[in-house]
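Work through the exercises below with the sequence and the 3D view open. Try each task before reading its solution.

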Protein chains: 2
Amino acid sequence: MRILITGGAGFLGGSLARTLADRGRLTGPSGREEAIDELVLFDQTATASAPEGPRVVSGDIRDPDVLARLFERDFDSVFHLAAVVSAGAEADFDLGLTVNFDGTRGLMERIRRQQRPPRMVFTSSIAVFGGDLPAVIRDDTPATPQGSYGAQKAMCELLLNDATRKGFLDVRTLRLPTIVVRPGRPNKAASSFASSIIREPLAGEPAVCPVDPGIEMWIQSPRQAVRSFVHAHELDGAALGANRVLNLPGLTVSVEEMVAALGRAGGDTGLVRWERDESINRLVTTWPGRFDPQRALALGFEGDAGIDDIIRAYQQDWGAGAGA
Amino acid sequence: MRILITGGAGFLGGSLARTLADRGRLTGPSGREEAIDELVLFDQTATASAPEGPRVVSGDIRDPDVLARLFERDFDSVFHLAAVVSAGAEADFDLGLTVNFDGTRGLMERIRRQQRPPRMVFTSSIAVFGGDLPAVIRDDTPATPQGSYGAQKAMCELLLNDATRKGFLDVRTLRLPTIVVRPGRPNKAASSFASSIIREPLAGEPAVCPVDPGIEMWIQSPRQAVRSFVHAHELDGAALGANRVLNLPGLTVSVEEMVAALGRAGGDTGLVRWERDESINRLVTTWPGRFDPQRALALGFEGDAGIDDIIRAYQQDWGAGAGA
């Protein structure tokens, strides 16, 4: 079984790669669990290969020649995580549209030429929701994005649903909650602060919170996200039906509740500086904080137990580097 | 004021052009009614210029050079009607995706370079709805297309909403009901039969009905559609808010009710041959037949009074050629 992870140099892509390497087996297009023969990590920049040795390919996902090389042999599974994140896509419309939409379309076009359609797990986002929203987002709440990132993700959802209907591939699209706590450095996601305000103080460093303390966010831990990717991949497509887009389970936590949990975990809450950034505050307030993800729950997806557990898992997984 | 109509060689584009020429004035980006200085009709094939003499430009909407020539001077208004219709887009995925989506994107990209963003009226379709639908489609029913045409239209809706938010243009997207009665010959729209079963018998000719008699359709007359285009164009953008997509008012009529109305209008209902076509029946049954278009009604859009009026208007507008 050959597996491709785009965005493989990213934190979630890397975590997924380690998880798959540890498992060694995965249920794919055959409907049976099979041994993973090859894992290919694709990203724009080369990354160090993991100890288990997945093949690493780097290049621009928008370049057909790069994709042609990547698809020298057929894949059974594609985890498509690569994207220009929210604030990045908002700052550079063309970059967002070409990477997030054209990149996804280019993958789809290349996959169409395969002998057998692979299973694809595509990471969409709760950023497809915006504007005047109901208090609780249901599975049938329409996508009304108020940012280019969300618009591009919603366009991909439609394209990949249609490509699945046409038999080109077999997609499972997951609208990810905000992932908290990400390790490493802040990125250009407008939600990047939600990890910073926990991660940096745990390491004894200051962090800036650019949004109002009362804003509620719909969050999920990295561990749970990776579990969701694998679970989505292994589901029988028939169980998903024609609409392959799922709102994932998560946890509703206000920004001030996150900071309180930081304190309970031994972090210095005084290291969080409240410094509102209008553009980030605007984008984040358009994202919904409460969901009723009945379809995903019925399909066996799970959310996290609580914010304290999420922080504890971060401390376990990223240990000393996290200052724990 | 300079106005562009794409799909200008089509029946609705031509009707709109005549209506605009008759009016001579239109409210556009300035918010004031202004004289129409130039009307440009764009389509893939050249069409005879109307008596009032709009400029006619032909070419492939996917060709950047064609668009560059078309946009030699800025437009104040763009009515974007050009599209590969439903059964055509279903039969040829690439043609549908490149014309319906890339064509719209190419227009948007060209419009971005203008000094002033024009108002744009974009024709989407009720084909964005499909699958497991509520009995009545509401304004907040999500787009879940079950055909490539609907998927491509829904992708354009998202792109143009985002382009409006970014200030590139000022779109008003109308999800058209099935337009009945179209004059002329059948086209590749899966809904083409809905006009044929009235138009052909009125002219003494046979027609094939490829769908079940009980199927309910959400229809609108050509007259009402053109009125909606003009009304949408003249609305203040602020009244529309961030989501520029509107379900238009229409009329719920079953196919057998259409045939009964044909009889009342003097047509020979015996000329309708019921010959079910599985692929058309499948596509048409995925389209919803009942709507509650509250937003459009509140914004002053109107539906037709009844199927008898629609047929009478067709007989008036297309006279002898219609066999009336």
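**Exercise 1: a small sheet**

In S12(B), B:Ile219 is the bridge partner of B:Thr178. This is a predicted model, in which local features need pLDDT of at least 70 and side-chain atom pairs count only at pLDDT 80 or more, while totals for chains, interfaces and linings use all residues. Residues are numbered from 1 along each chain as its sequence is written, and chains are lettered from A and ligands numbered from 1 in the order in which they are written.

Task: in which sense do S10(B) and S12(B) pair, and in which order do the strands of the sheet run?

Solution.
- Step 1. S10(B) pairs with strand S12 (residues 216–220) of chain B in the parallel sense, over 2 bridges. Two strands pair if DSSP finds at least two bridges between them. Strands are DSSP runs (E, at least two residues) and helices likewise (H or I, at least four), numbered from the N terminus.
- Step 2. The order is S10-S12-S14 in chain B: 3 strands, an open sheet, mixed pairing.
- Step 3. Strand S10 (178–179) and strand S14 (251–254) of chain B are the edges, each pairing on one side only.

**Exercise 2: one loop residue**

Task: where is B:Thr269, and why is B:Thr269 classed as partly exposed?

Solution.
- Step 1. B:Thr269 sits in the loop between helix H9 (255–264) and strand S15 (272–274) of chain B.
- Step 2. B:Thr269 is partly exposed because 14 other C-beta atoms lie within 10 Å. The cut-offs are 20 or more for buried and 12 or fewer for exposed, with C-beta atoms placed from the backbone.
- Step 3. Beyond four places in sequence, its contacts (C-beta atoms within 7 Å) are B:Pro201, B:Val259, B:Leu262 and B:Gly263.

Note on methods. Contact = placed C-beta atoms within 7 Å.
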